[in-house]
Amino acid sequence: MNNLKMFWLTVKSLGLGMGVTLRTMLKPAITLQYPDERPQKPKVFRGFLHNDVPRCVACDMCANICPVDCFKIVYTRDEKGRRQLHRFDIDMVKCMFCGLCTEVCPTECLTMTGGFEHATWDRKELVLHFVTPDKPALPVDPALVAAHRAAAAKG
Amino acid sequence: MAIHGCYTARFPRRLLLKDFMESLLGMTAQPQRLHSAHPSPDSPEPHLVTDEMVLNMGPQHPSTHGILRLILKLDGEVVRDVQAEIGYLHRCKEKIGENLQYNQYTTYSDRMDYLAGMNNNVGHAIAVERLMGNIQVPERAEYIRVIMAELNRIASHLVALGTYGVDIGAVTPFLYAFRDREKILDLFEEVSGARLLYNYVRIGGVVRDLPEGWGDRCRKFLDYLAPRLDEFDTVLSLNPIFIDRTAKVGVLPADVAINYGCTGPMLRGSGVKRDLRKDEPYSVYSRFSFETPVGPGPRGVVGDCLARYWVRIREMRESAKIVRQALDQLPSGPVMAKLPRILRVPPGEVYVRTENPRGELGFYIISDGSPKPYRFKVRSPAYCNLSVIGEISRGALVADMVAILGSIDIVLGEVDR
Amino acid sequence: MTPQALVEFLQAKFDGKLLESGMTGSDPFIRVAPEDWLSVAQSLRETPELQFDYLMCLSSVDRKELLEAVYHFYSYPQQHRLEVKVAALREAPKIPSVVHLWKTADWHEREAYDLMGIEFTGHPHLSRILLPDDWVGHPLRKDYQFPTEYHGIDHTGRKWLTLEDKIPEHLEHQTPEERAAKAAAGRAGARGGTS
């Protein structure tokens, strides 16, 4: 009798389980057909980085806070003491997408976009160059840099 | 008919399909005899000697949940000894901790137990806050931390149980679990910007406030989750095949568990009612009422795989209860304490443990007054839980190895750090 | 027992064996020499008032001339905690193993040996656990030199372009107008070439 009881238990649980599966089958699908339907990313989504160079004051705070040192920022000071950016590279291969650099940026020129579909064939193409030696950014007043630094340290 | 000699006294013979069919249909089979390793002149084939086989449940294996190498010594199909080789995912987190400032380390703490990022963040934040002399974290931040930690506990258990089903052979509940987990990840994405590695709970609070309407979306999710958990029970937990494969398998007695340092659902599955959220409450856990599920499952004995699975299923319901209470009690106010950008931590040391979905996550931080820690040690629960595998799988069958490993619920990122 | 009462009890019990005792933060701690560690450990586990049955964590710390093992204990029956520090000289770091008392120490001592180089005498199989078996050196030591290569894999890291290097043309930063102008010039040149 014990075996028949087990047989009945098996049939019952099979019926219950298949009932769940059938109910789920009749519900609408939740799959997004990916390349045609893309998920909506919220505003705070941490995607690839973007630097709005005209607003950058070359204060180096993003480079200092980055845990993996993926920034290469080169700037010179001219005779008036103004900083001029010559190079602003971000190595996205190293980047952890933590967002710490965007939090400390005093002018909010460094932001994280919603982009994540940037697969490339070559690793070197994932190094983002925002300023190049042939086209440096405009020089920045040192007083402006100091003011931004002070505001950031207070806030 | 009987199968001689391969079961030890700890594992009583379970009903096999063959027995069932024979007794139902009245058939008999030829008696099977396994040759012993030391043949005697009386045995039918004295010239055949059997040997122990070494089987590599190798680093690449879908059921090891990561890169783990288990070296099994088999006598036929019975496991005589298991040696676990770890270290394939060692990423030097402790050495990195010595070279980074305290607030830069939060992203790294996510990546250890990557299925429970919020819980790791909370543990790290509480450890550094205690080291700094118990700085005052705003109340709203404490409540948000609890909500995030418990939601992440639900998400982590859904992965654990879904993948456990897949290891046993039940593929359907895996996708149901991941479908429900997607909703949690969507909630987390709205709050922190990432789906798995959040970097949200920082030292001194949380980095940004909850967006508009998040609380309502969370409540809607909790209402959606409760019938899904019942469905999960129907499909997996009360399934006779699942119970047959997990009951009385991998029994871990309570004193062995404590001796090996097992914590979390492993310990609670062995009948020991210990939960850090209740016994040494940190953050605001003392303000919520919830149960601590313990002990044997619907069938089987205390300390077997089914008991641990049962504890995890019940824990998900308790976590949902906690989140509801926290959402109701959520105060308004700031979410981050006022702290300097470069934290100056006074010299000293602290060992703080918090309840991770896998057990007790401990941070032992020694500070010498500089912005970087002197020693940063992480006591990971999965490391201690995994060390017990040699003890509990002696005498089990090869197919049970997968069941036992799945019930321990390891995350190799945490085991290897 | 309260932490203060625990410290006093331990001071009374292990009279000559404690090199140091007190409180670190909120935890009681004692420091023991390696020679006395085994007997103290046995007492910690078996004394009815102490009953430390759970080894929470075993860490290894590099203290310049000493290599220290820090044990964190907890007692489930008595619900109190204790921290024990055992230090050995850096030149000969040998500490007795407590695997026979707390099986947690099995893997934790192997990790301390692997990453810090402390030898636990009496451990049944003290071998590297996290690092490959043929790794040289103990990384958590403060004077550890990172190797530059391992079995032919280069470990020095990628080299950044310096200021003097010319950036390849396809990586150059160009505005859309410049890119269009360049493409048009290229097309005109090609047309001129093939015509």
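How many bridges join E6(B) to strand E7 of chain B? To find out in this predicted model, select residues 359–367 of chain B, which form strand E7, together with E6(B), and you will find nine bridges between these two strands, which run antiparallel. For one such pairing, show the side chains of Tyr351(B) and Tyr364(B), since Tyr364(B), in E7(B), is the bridge partner of Tyr351(B).

Now widen the selection to the whole sheet, which is an open sheet of three strands in chain B, with the order E6-E7-E8 and antiparallel pairing. Colour strand E6 (348–356) and strand E8 (375–379) of chain B, and you have marked the edge strands, each of which pairs on one side only. As you turn the view, bear in mind that neighbouring strands of this sheet are turned by 10° against each other on average, with direction ignored.

Next, add helix H4 of chain B by selecting residues 117–131, and you will see that this helix packs on the sheet, where it touches E6 and E7 of chain B. The direction of helix H4 makes about 155° with that of E6(B).

Finally, move to the place where chain C touches chain B, a contact that takes 22 residues from chain C and 25 residues from chain B. On the chain C side, select strand E3 (54–63) and helix H3 (105–116), each of which supplies at least two residues to the side that touches chain B. E3(C) gives the most to this side, with six residues. If you then colour the side of chain C that touches chain B by residue class, you will find 13 nonpolar, five polar and four charged residues.

How values were computed: Residues numbered from 1 in each chain as written. Chains lettered and ligands numbered in written order. Predicted model: local features only at pLDDT ≥ 70, side-chain atom pairs only at ≥ 80, totals over all residues. Contact = placed C-beta atoms within 7 Å. Helix = DSSP H or I, 4+ residues; strand = E, 2+ residues; numbered from the N terminus. Nonpolar A, V, L, I, M, F, W, Y, C, P; charged D, E, K, R; others polar. Pairing = 2+ DSSP bridges. Axes fitted to C-alpha atoms, helices over the stretch in contact; angles between N-to-C directions.
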